[in-house]
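Open the model in a viewer and keep the residue selection tool at hand. The stops below go from the sheet to the helices, and then to a single side chain.

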Amino acid sequence: ALLGGDLPAAFDDLLQLMTRGTPLRTALSCSGARRRLPPEWQEHLLHIGREALTNAIRHSEAGQFTARLVFAADSTRLELADDGRGFDPSRTGGGFGLAGMRERAALMGGRLLIVSAPGAGTEISVAVPAIAP
């Protein structure tokens, strides 16, 4: 997906491909002055986005999924949200999805935040430093 090296385009392709044939509506936005991230960081962010989208499609019964890339002065953030049924983040199942997201964020020196509650949708954000360490 990242052969051209453009993370926003890769996210757009991912959203279109994964939701084709589903009722899930998606939206992608970018803000800030785009900058190139290390290729492995781009892959990690794309994988985090794919996992969040997979969870929205398989588990949340969401109607809308949004992805936002924010290029701030001190960080790059990926903000993901769905309007699905939500869950209690302290009671995650035996899957590796959320753990994998946390591990990928840590590999970039970033932090992952998951906000969800039953009936309230899910928001996942990952923030990584603006410049690779």
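## The sheet

Select E4 and E5 to begin: the two strands pair in the antiparallel sense, over 6 bridges. The model is a predicted one. E4 covers residues 111–116, and E5 covers residues 122–129. Within this pair, Ser116 stands opposite Thr122 of E5.

Keep Thr122 selected and add Asp82, as Thr122 is also the bridge partner in E5 of Asp82. That leads to E3, which is antiparallel to E5 and joined to it by 8 bridges.

Next, select residues 64–71 and 75–82, which are E2 and E3. These strands run antiparallel and are joined by 7 bridges; they form a hairpin with 3 residues between them. To check the register, pick Thr66 and look for its bridge partner in E3, Ala81.

Now show all of the strands together. In what order do the 5 strands of the open sheet come? The order is E1-E2-E3-E5-E4, and the pairing is mixed. E1 and E4 each have a single partner strand, so these two stand at the edges and one side of each is left without a neighbour in the sheet. Direction ignored, neighbouring strands of this sheet are turned by 10° against each other on average.

## Helix H1

Select residues 7–19. This is H1, a helix of 13 residues that reaches 18 Å from its first C-alpha to its last, close to the 18 Å expected at 1.5 Å a residue. H1 lies across E1, E2 and E3, and it runs at about 175° to E1.

Colour the buried residues of H1, which are Leu7, Pro8, Ala10, Phe11, Leu14, Leu15 and Thr19. These residues are on the same side of H1, because they cover an arc of only 160° around the axis. They pack against H2 as well as E1, E2 and E3. Just after the helix, stop at Gly21, where phi is positive at about 85°.

## Helix H3

Move to residues 97–107, helix H3, which lies across E4 and E5 and runs at about 145° to E4. Which residues of H3 are buried? They are Gly97, Leu98, Met101 and Ala105. Look down the axis of H3: the buried residues fall within an arc of 100°, so they line one face of the helix. What covers them includes H2, E4 and E5.

Turn to the face of H3 that points away from the buried side, and find the exposed residues Glu103, Ala106 and Leu107. H3 is followed by Gly109, which has a positive phi near 75°.

## Arg35

For the last stop, select Arg35, in the loop between E1 (25–32) and H2 (39–60). Arg35 has a relative accessible area of 25%, so it counts as partly exposed. Leu7, already coloured in H1 as a buried residue, is 28 residues from Arg35 in sequence and 9.9 Å from it in space, C-alpha to C-alpha.

Show the surroundings of Arg35. Leaving aside residues up to four places away in sequence, Arg35 touches Phe71, Ala72, Ser75, Thr76 and Ala130. Two distances can be checked here. The side chain of Arg35 reaches the backbone oxygen of Ser75 at 2.8 Å, and a polar atom of that side chain lies 3.4 Å from the backbone oxygen of Ala130.

Methods:
Residues numbered from 1 in each chain as written. Predicted model: local features only at pLDDT ≥ 70, side-chain atom pairs only at ≥ 80, totals over all residues. Heavy atoms only, no water. Helix = DSSP H or I, 4+ residues; strand = E, 2+ residues; numbered from the N terminus. Buried < 20%, exposed > 50% of the residue type's maximum accessible area, 1.4 Å probe, protein only. Contact = heavy atoms within 4.5 Å. Polar contact = N/O pair within 3.5 Å; in protein donor to acceptor, adjacent residues only side chain to side chain. Pairing = 2+ DSSP bridges. Expected span 1.5 Å × (residues − 1). Arc of directions from axis to C-beta. Axes fitted to C-alpha atoms, helices over the stretch in contact; angles between N-to-C directions.
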